[in-house]
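Reader: I'd like to go through this one chain by chain, then zoom in on a helix and a single residue. Can you show me what we're working with?

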4 protein chains.
Amino acid sequence: MSGNNKRPTDSRLAEARREQVLDAAAHCFRRHGYHGASMAEIAGAAAMSPGHIYHYFESKDAIIEAIVAKDVEELFSTMRDLQDESGELLDAIIDGLHTTVDQTLDTERGALLLEMIAEAARNPKVAALLRSADALTRQGVRELLTGPRGMLSQCATDELDGRMEVINAIFSGLLIRALLNPALKREAVIAALRQVLRVALSPT
Amino acid sequence: MSGNNKRPTDSRLAEARREQVLDAAAHCFRRHGYHGASMAEIAGAAAMSPGHIYHYFESKDAIIEAIVAKDVEELFSTMRDLQDESGELLDAIIDGLHTTVDQTLDTERGALLLEMIAEAARNPKVAALLRSADALTRQGVRELLTGPRGMLSQCATDELDGRMEVINAIFSGLLIRALLNPALKREAVIAALRQVLRVALSPT
Amino acid sequence: MSGNNKRPTDSRLAEARREQVLDAAAHCFRRHGYHGASMAEIAGAAAMSPGHIYHYFESKDAIIEAIVAKDVEELFSTMRDLQDESGELLDAIIDGLHTTVDQTLDTERGALLLEMIAEAARNPKVAALLRSADALTRQGVRELLTGPRGMLSQCATDELDGRMEVINAIFSGLLIRALLNPALKREAVIAALRQVLRVALSPT
Amino acid sequence: MSGNNKRPTDSRLAEARREQVLDAAAHCFRRHGYHGASMAEIAGAAAMSPGHIYHYFESKDAIIEAIVAKDVEELFSTMRDLQDESGELLDAIIDGLHTTVDQTLDTERGALLLEMIAEAARNPKVAALLRSADALTRQGVRELLTGPRGMLSQCATDELDGRMEVINAIFSGLLIRALLNPALKREAVIAALRQVLRVALSPT
DNA sequence: CATGAATGAGAATTCATTCAT
DNA sequence: TATGAATGAATTCTCATTCAT
């Protein structure tokens, strides 16, 4: 029995070690940025020798790419959840606002996302990953909003796109707000958001 | 005579040289990021030797701090302009939307701002500068909105803060949108913004 | 029974595995040089794990030493063949010239030999092996040339040594020629060699 | 005056520093081989910090390329000298044999040449440099041998090429001989060479 | 004020070697 | 016998910073 699952265990172990590196790296990137975090530091945080990280990742770049890919994966899963729900979309969004805002304002995650966006300015692979993820997400959201559960099926394409961009900008911008205003009041923001989203997601 | 105006001339020249360095550095930071841009590259762009930059700035960090400070200064000046205008605030904002959005979506400027925000994650001085600038701006905007030209004098503090954060988030977020969606349609965004801002800046 | 032939079988297997490593290493050294070839690469070529190579060889250095020793062994065997033949030596050499030149110009083998010579510059053990092999070979050749089948029994020691060095230099040098002039014409070289060797191996 | 030659002096200094690095590197490469010599060691030998070497050379590879190029240059200059002389070529060669052999057997220089040849097996740039230099040299020698001072103007192309390759091989091979037989007798080699070259450079 | 040669610490990465399994 | 995960020292190379001129 122990002989049988030796290989599976090993690859499961390998997968776990890989995750260990990704977690450690994400932690370090958040605190000191991609360039500020050294492989030695990441290795330390992952309780692993610097050399051994290269068994799991080809380069430092490959690490941030994996982090981005993982994050994108999570985003897709979140979107699928939204698609699988039933009922009017606007209500679902408004009802979930607390959770959404909490996730967005979680500084840990936000800092990492901003780091990835800043890195996208320099690393074309990261930029491509983020952009294609963004395009896919936009497509998914568009389908939801113009589908039976959305209220914008009559909306002109450009108008729809403009609204989507503004809504998207709000949530992206909250990442920056959380960073620049540590005293930001969640409840107040949620209240204002409710008002604004209701307008942005309803027919003119 | 030449002795008399030597100092003023010199210090004016010195100021110009300083600006030269800041412009060059901003240019380099935009293109390759703070860590990607080397002092040698900045020196080249400023038509100056690497060593001489240290006559004007104590360190590379001091350069980004100066850039941030300058940017903050510009922000204040923009805000003062808004304060000096007359007429209803909402109209002024809506009328200026084209310009504001164009400035925001100008990727050059946006990339630098995101770079500064990312740098804030590892440079506490930059973080402090950005945060205090943000606090001052918020105070200025609050005064405008609750003043005679604003429509929110009746608005509760928390509600006002929430709205301000959301509006702020929109414009900050547009920086990220421009980066992630190169095909973003300005006009459509402006139309959506008009709608949303009208709600966010009017009494309930 | 299985217990009885276990050792012999095992040691024969072990010997085969050792050879496997040597062949793989020789192949890798030829293609990427001693320093360019990693133990991982050699292990891959030998269809063996990197760690297991250390059951057969103490270190990477020990591998090239074994290759050198093996090559030296082959050289001795070739010389013994020459000694065992009958008839006039000069004729035997001239007749075998085609084969000898083909072997010498075989770039694969030559590259490895040059690699070993270059390695001799930094590995004293390799240098010692090559030098003592060289000394033994010279002694063997001297005996042949001054023996009944050779034509140089009347030749003074120094003259003999000089001629031997020049002949030796020609064949060693052909390794380099093959590398530097890929368009080298074998037949033309053999013709010139025939002429030159006839002089160098005949009494004045 | 001192102001005038400031730049020239500087660039002369730079040139001197460059040479310093080349000399130091050649020294280290000879002793420990290209891969055995570290940049730190070379820097130490050049009395310079490791980082500063990169002001003069783009990479370690660029250093050996420069050494090869310099060596090739010297070879050309030697050949031009031979072309500029007058009198019968065979006599000139035989007369200069002492110097030529001394230069060839100088282990320092030879070890470096072998190192470059071994490196050519891996580094295409080095291989190309050496090969094109070799081709040019062969062309120059061919012209000499078939010109008025040479005795091989009647010789068929292939025969001429074969002889040239064998002569070339002798001198290249002597590099290896010097390495493998430290007790090699120069005078005896020269005597044998005289005999062999006379045959190889005369009409059949 | 101005240069750019020079430094040296520190970065990412590689790889021979070890060792628990 | 065999594996390959793990180590960590060493390597090449970069770059902010200093300083003699």
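Reader: Before anything else, how far apart are the nearest C-alpha atoms of chain B and chain C?
Author: Keep in mind that this is a predicted model. Chain B and chain C do not touch. Chain B has no contact with chain D either, with closest C-alpha atoms 12 Å apart. For chain B and chain C, the nearest C-alpha atoms are separated by 31 Å.

Reader: OK, so on to chain C and chain D. What area is buried between them?
Author: Here there is contact: 44 residues of chain C meet 47 residues of chain D. Carbon and sulfur atoms give 65% of the buried area. The area itself is about 4000 Å².

Reader: And the charged side of things: how many salt bridges does the rule find across the interface of chain C and chain D?
Author: Take C:R177 and D:E165, whose side chains form a salt bridge at 2.6 Å, N to O. The rule also picks up 12 residue pairs in polar contact across that interface, both residues at pLDDT 80 or more. As for salt bridges between chain C and chain D, the number is eight.

Reader: Which element gives the largest share of the side of chain C that touches chain D?
Author: The elements giving two or more residues to that side are α1 (6-36), α7 (107-120), α8 (124-146), α9 (157-180) and α10 (186-200) of chain C. By class, the side has 22 nonpolar, 11 polar and 11 charged residues. The largest share is 17 residues, and it comes from α9(C).

Reader: Let's look at α8(C). Which element of chain D helps cover its buried residues?
Author: The helix has 23 residues and reaches 32 Å from first to last C-alpha, close to the 33 Å expected. Among its buried residues are C:L130, C:A133, C:D134, C:T137 and C:R138. Their cover includes α4 (60-84), α5 (89-95), α7 and α9 of chain C. From chain D, the element is α9 (157-180).

Reader: What backbone nitrogen does a side-chain oxygen reach at the start of α8(C)?
Author: The oxygen belongs to C:N123. It comes to within 3.0 Å of the backbone nitrogen of C:K125.

Reader: Last one: is D:D71 buried or exposed?
Author: D:D71 sits in helix α4 (residues 60-84) of chain D. Leaving aside neighbours within four places in sequence, D:D71 is in contact with D:R109, D:L113 and D:M116. The cut-off for buried is under 20% relative accessible area. Since D:D71 has 17% relative accessibility, it counts as buried.

Terms used
Residues are numbered from 1 along each chain as its sequence is written. Chains are lettered from A and ligands numbered from 1 in the order in which they are written. This is a predicted model: local features need pLDDT of at least 70, side-chain atom pairs count only at pLDDT 80 or more; totals for chains, interfaces and linings use all residues. Side-chain values use heavy atoms; hydrogens and water are left out. Contact means heavy atoms within 4.5 Å. Buried area is the accessible area (1.4 Å probe) that two parts lose on being put together, summed over both. A salt bridge is a side-chain nitrogen of Lys or Arg within 4 Å of a carboxyl oxygen of Asp or Glu. A polar contact is a pair of N or O atoms within 3.5 Å; within protein, one must be able to donate a hydrogen and the other to accept it, and residues adjacent in sequence count only if both atoms are side-chain atoms. Helices (H or I, at least four residues) and strands (E, at least two) are DSSP runs, numbered from the N terminus. Ala, Val, Leu, Ile, Met, Phe, Trp, Tyr, Cys and Pro count as nonpolar, Asp, Glu, Lys and Arg as charged, and the others, Gly among them, as polar. The expected span of a helix is 1.5 Å times one less than its number of residues. Buried means under 20% relative accessible area, exposed over 50%, partly exposed in between (1.4 Å probe, protein chains only).
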